[in-house]
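Work through these short exercises with the model open beside you. Try each task before you read its solution.

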Amino acid sequence: MRTTFDLPDDLMRKAKAYAASHGIKLKDFVAESIEQQLKYRTNTQPHKSPLPVFKKASAQGASIPNRTSKEIEAILDESDGH
């Protein structure tokens with residue numbers, strides 16, 4: 001599948017240099033790299049947001065809603081106007 005990515009210039013230069021020095025096509029190197037990252041990330045702990053997810057009731061007995069990291073990030077994005 002053809003797609004377009006915006007990558008930092010330095011990263012692109014390094015990727016091209018690596019692929020060329022190992023005699024592989026850049027597209028094959030990028031595909032292998034993505035595949036390796038997907039395997040690694042699915043075999044390790046899921047990505048954890050630096051934002052806390054509160055699960056216990058507050059000291060006053062009021063319930064604090066459970067929020068996933070994705071939900072918290074979406075709320076923050078909305079408040080930032082994204």
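The exercises below go from the overall fold to single residues, in a model that is predicted.

**Exercise 1. The fold**

Task: State how many helices and strands the protein has, and give the order of its elements.

Solution.
- Step 1. Count the elements: there are three helices and zero strands.
- Step 2. Read from the N terminus: the order is α-α-α.
- Step 3. Look at burial: of the 82 residues, 6% are buried.

**Exercise 2. Confidence**

Task: Find which helix has the highest confidence and which has the lowest.

Solution.
- Step 1. Start with the whole protein: its mean pLDDT is 80, and 70% of the residues reach 70 or more.
- Step 2. Turn to the helices: α1 is highest, at 94.
- Step 3. Helix α3, residues 69–79, is lowest, with a mean of 81.

**Exercise 3. The length of α1**

Task: Compare the span of α1 with the expected span.

Solution.
- Step 1. Count residues: α1 has 13.
- Step 2. The expected span is 1.5 Å times one less than that number of residues, which for α1 gives 18 Å.
- Step 3. From first C-alpha to last, α1 reaches 18 Å, close to expectation.
- Step 4. Look just past the end of α1: G23 has a positive phi there, about 65 degrees.

**Exercise 4. An aromatic pair**

Task: Classify the pair formed by Y18 and F29, and say where each residue sits.

Solution.
- Step 1. Count the pairs: there is one aromatic pair.
- Step 2. Recall the description: a pair of aromatic rings is described by the distance of the centres and the angle of the planes.
- Step 3. For Y18 and F29, the centres are 4.8 Å apart and the planes make 35 degrees.
- Step 4. Stacked needs under 30 degrees and edge-to-face needs over 60, so the Y18 and F29 pair is tilted.
- Step 5. Place the rings: Y18 is in helix α1 and F29 in helix α2, eleven residues apart.
- Step 6. Check exposure: F29 has 18% relative accessible area, so F29 is buried. Y18 has 39%, so Y18 is partly exposed.

**Exercise 5. Two pockets**

Task: Describe the largest pocket and the second largest pocket by volume and lining.

Solution.
- Step 1. Take the volumes: the largest pocket holds about 340 Å³, and the second largest about 220 Å³.
- Step 2. List some lining residues of the largest pocket: among them are M1, R2, L26 and K27.
- Step 3. Sort that lining by class: eight residues are nonpolar, two polar and two charged.
- Step 4. Find the main contributor: helix α2, residues 26–43, gives the most to this lining, with five residues.
- Step 5. Move to the second largest pocket: its lining includes L11, K14, F29 and S33. Helices α1 and α2 each give two or more residues to it.
- Step 6. Sort again: the second largest pocket has eight nonpolar, one polar and one charged residues in its lining.

**Exercise 6. One lysine**

Task: Decide whether K27 is buried or exposed.

Solution.
- Step 1. Locate K27: it lies in helix α2.
- Step 2. Exposed means over 50% relative accessible area. K27 has 61%, so K27 is exposed.
- Step 3. Relate K27 to K16: they are eleven residues apart along the chain, and their C-alpha atoms are separated by 9.5 Å.

Technical notes:
Residues are numbered from 1 along each chain as its sequence is written. This is a predicted model: local features need pLDDT of at least 70, side-chain atom pairs count only at pLDDT 80 or more; totals for chains, interfaces and linings use all residues. Side-chain values use heavy atoms; hydrogens and water are left out. On a 1 Å grid over the protein atoms alone, a cavity is a set of points where a 1.4 Å probe fits but cannot get out, and a pocket is an open set with protein on both sides within 12 Å along at least five of seven lines; lining residues have an atom within 4 Å of a point. Grid points are joined across faces, edges and corners, and a volume is the space filled by probe spheres set on the points. Helices (H or I, at least four residues) and strands (E, at least two) are DSSP runs, numbered from the N terminus. Ala, Val, Leu, Ile, Met, Phe, Trp, Tyr, Cys and Pro count as nonpolar, Asp, Glu, Lys and Arg as charged, and the others, Gly among them, as polar. Rings of Phe, Tyr and Trp (its six-membered ring) pair if their centres lie within 6.5 Å; planes under 30 degrees apart count as stacked, over 60 as edge-to-face and the rest as tilted. Buried means under 20% relative accessible area, exposed over 50%, partly exposed in between (1.4 Å probe, protein chains only). pLDDT is the predictor's confidence in each residue, from 0 to 100.
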